[in-house]
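Biologist: Please take a close look at one part of this protein for me, and set it in the context of the whole fold.

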Amino acid sequence: MSRAVPDGWLKTGRREYENRTVEVEVKFQPTPEQDGDFEVWVVDEEREESTRVDNVQPTETDVRELAKDVMEAFTAAFEAAVDGGADEDDAVAAAVEDAAAENAA
């Protein structure tokens with residue numbers, strides 16, 4: 001059974017989640033090779049930058065759970081950066097990188 005969407009996030013599409021506090025989305029999609037695998041991306045809408053999580057998953061169910069792990073990691077890293085005195089833009093950038101690295105295969 002699939003876990004609920006993490007606190008602070010809103011499901012905005014079939015394969016898309018949006019952070020309720022900052023302009024960040026987590027999306028998952030089929031890999032470009034169209035080989036049946038899926039990948040997760042973290043999108044910093046403010047900077048118009050996307051970061052791919054280096055962890056391809058074999059099913060949509062698996063990648064959805066990975067996306068939720070990425071959301072949780074982003075939230076924890078963002079809150080830690082803000083608590084540490086970083087401004088919001090720097091906190092978002094650091095949290096995107098941390099979440100992608102923490103969930104890499």
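Biologist: What share of the contacts in the protein with a separation of 6 or more comes from residues 24 or more positions apart? After that, please go through the sheet and what lies against it.

Modeller: This is a predicted model. Residues 24 or more positions apart account for 40% of the contacts with a separation of 6 or more.

The protein has two helices and five strands, and along the sequence they follow the pattern β-β-β-β-β-α-α. With a radius of gyration of 13 Å, close to the 13 Å that the globule rule gives for 105 residues, the protein is as compact as a globular protein of that length. Of these 105 residues, 40% count as buried.

Now the sheet. The five strands form an open sheet with antiparallel pairing, in the order β1-β2-β3-β4-β5. The edges are β1 (9–13) and β5 (49–57); each has a single partner strand, so one side of each is left without a neighbour in the sheet. From one strand to the next, the twist averages 25 degrees. Within the sheet, β3 (residues 24–30) and β4 (residues 38–44) run antiparallel and are joined by seven bridges. Gln-29 stands opposite Glu-39 in β4.

Helix α2 (residues 88–102) lies across β3, β4 and β5, and runs at about 15 degrees to β5.

The other helix, α1, covers residues 60–83 and includes Lys-68. Lys-68 counts as buried because its relative accessibility is 3%, where the cut-off is under 20%. Leaving aside residues up to four places away in sequence, Lys-68 touches Ser-2, Arg-3, Ala-4, Val-5, Pro-6 and Tyr-17.

Note on methods:
Residues are numbered from 1 along each chain as its sequence is written. This is a predicted model: local features need pLDDT of at least 70, side-chain atom pairs count only at pLDDT 80 or more; totals for chains, interfaces and linings use all residues. Side-chain values use heavy atoms; hydrogens and water are left out. Helices (H or I, at least four residues) and strands (E, at least two) are DSSP runs, numbered from the N terminus. Buried means under 20% relative accessible area, exposed over 50%, partly exposed in between (1.4 Å probe, protein chains only). Contact means heavy atoms within 4.5 Å. Two strands pair if DSSP finds at least two bridges between them. Axes are lines fitted to C-alpha atoms, for helices over the stretch in contact, and angles run from 0 to 180 degrees between N-to-C directions. The radius of gyration is taken over C-alpha atoms; the globule rule is 2.2 Å times the number of residues to the power 0.38.
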